[in-house]
Amino acid sequence: MIGIRALLRFKTTDCKKDLGTVFKQMNRDTKKLFGDLLETSTTRKQRLKLAEKIVGDEKEKENNYLNRLKSKIKPTTEDDINGMVNDSKQNLNQEYYGKLTIEVPSEMIIHETPKRDLPSVTNILNTTMSEKSKAALENWKKSMIEKMGEDGFNKYSKELMAMGSAMHSKIRSHLTGCPSDISHYDEVENCWKSLDAVIKNVSKPILVEKMVVHDGLSYKGIVDCVAFYKDTPVVIEWKKSSRDKSSLQATYDAPIQLAAYMGAVNNDNSYDFKVEEGLVVVAYSDGHPANVFKLTKQACLDYWTIWMKRLNKYKQIQSSFK
């Protein structure tokens with residue numbers, strides 16, 4: 001049997017190649033058959049450098065995202081607080097609620113503010129939507145029209161609105177003590193099931209789908225609910241969704257909308273109380289438990305600052321048409 005050294009000597013002599021050349025050829029042949037067997041120091045350095053770059057890029061993206069969020073939420077100024085909360089009003093609490101119910105018949109607690117020619121919260125938010133959000137909405141609309149046709153999409157849009165109204169109607173009936181019929185929309189019944197654990201903790205409703213007006217800032221809106229949640233007075237914003245909203249950011253403008261309604265409640269002359277905390281509740285059309293996002297007083301003030309920017313932007317847009 002010929003040994004490896006003899007074989008190498010033979011190949012080296014026969015082909016007039018040195019030993020290093022033979023090893024290189026063998027390595028190339030092995031690599032073709034089996035690929036890289038071991039990581040070289042060079043490839044290891046390259047791999048670590050690439051991994052470090054990827055981590056750095058991801059960190060930079062995260063920092064940029066956080067900085068964008070922080071830029072939207074500036075420190076609250078005294079003017080912001082004055083616009084959000086009317087200090088001449090009584091804080092809504094268990095004791096004050098008791099006085100309200102004793103001094104005023106329960107059916108009279110819910111005042112009705114006369115409608116005036118003012119922009120609504122919904123209209124202001126839609127008008128001042130970011131270009132990115134507008135593009136996403138337009139792309140979604142185009143894709144749905146391609147699937148359903150224009151008539152089919154219009155029918156679908158009307159059904160979505162009808163389901164939203166039916167869900168709010170079911171909640172309103174429950175909170176005001178009126179009997180509620182079973183909806184012919186399965187999604188609405190599933191949403192009601194989704195809200196089961198939440199609705200049990202909502203009590204003492206004071207405002208349910210009522211008009212509120214901010215006289216100083218000249219806007220109006222329909223607040224979903226002002227009630228007690230686990231003994232804490234809150235403004236509640238009900239939302240319906242077919243997709244999971246695992247974070248408050250995923251609810252898009254909902255917290256801004258809530259802050260706008262809260263500011264209106266706290267400054268509307270029809271109501272003698274003020275509320276400083278909020279709740280965004282997302283019910284799901286497949287019936288799984290709703291997400292509840294509690295907004296503290298400071299969080300509401302932060303979103304109020306964003307609302308003030310959107311309101312000012314709306315006024316600038318309107319003035320440009322005059």
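1. Start with the loop between β3 and β4, where Lys-230 lies. In this predicted model, Lys-230 has a positive phi of about 50°, although it is not a glycine. Is Lys-230 buried or exposed? Its relative accessible area is 53%, and the cut-off for exposed is over 50%, so Lys-230 counts as exposed.

2. Glu-209 also deserves a look. Its phi is near 50°, a positive value in a residue other than glycine. Glu-209 sits in strand β2. Its relative accessibility is 24%. Buried would need under 20%, so Glu-209 is classed as partly exposed.

3. Next, the sheet. Five strands form an open sheet in the order β2-β3-β4-β6-β7, and the pairing is mixed. Which strands are at the edges? They are β2 (202-214) and β7 (291-295), each of which pairs on one side only. From one strand to the next, the twist averages 30°. As background, strands of a sheet pair through backbone hydrogen bonds, in either a parallel or an antiparallel sense.

4. Now the β6 and β7 pair. Strand β6 covers residues 278-284 and runs antiparallel to β7, with five bridges between them. To find the register on screen, use Gly-278, which stands opposite Leu-295 in β7.

5. Two helices pack on this sheet. Helix α9 (residues 186-194) touches β4 (232-241) and β6. The direction of α9 makes about 130° with that of β6. Helix α12 (residues 297-320) touches β2, β3 (219-229), β6 and β7. The direction of α12 makes about 85° with that of β7. Strand β6 is thus touched by α9 and by α12.

6. On the surface, which residues make the nonpolar patch of about 260 Å²? They are Leu-137, Trp-140 and Leu-160. Leu-160 belongs to helix α8 (residues 131-175). Leu-160 is partly exposed, at 31% relative accessible area. Patch residues need over 30%, so Leu-160 meets that cut-off.

7. Finally, the whole protein. The secondary structure comes to 12 helices and seven strands. Of the 322 residues, 34% are buried. The accessible surface is about 20,500 Å², and carbon and sulfur atoms account for 54% of that area. Take the contacts between residues at least 6 apart in sequence: 69% of them join residues at least 24 apart.

Methods:
Residues numbered from 1 in each chain as written. Predicted model: local features only at pLDDT ≥ 70, side-chain atom pairs only at ≥ 80, totals over all residues. Heavy atoms only, no water. Pairing = 2+ DSSP bridges. Helix = DSSP H or I, 4+ residues; strand = E, 2+ residues; numbered from the N terminus. Axes fitted to C-alpha atoms, helices over the stretch in contact; angles between N-to-C directions. Contact = heavy atoms within 4.5 Å. Buried < 20%, exposed > 50% of the residue type's maximum accessible area, 1.4 Å probe, protein only. Areas by Shrake-Rupley, 256 points an atom, 1.4 Å probe, with all protein chains shown as cover. Patch = residues over 30% accessible without salt bridge, like charges linked within 9 Å, V, L, I, M, F, W, Y side chains within 5 Å. Salt bridge = Lys/Arg side-chain N within 4 Å of Asp/Glu carboxyl O.
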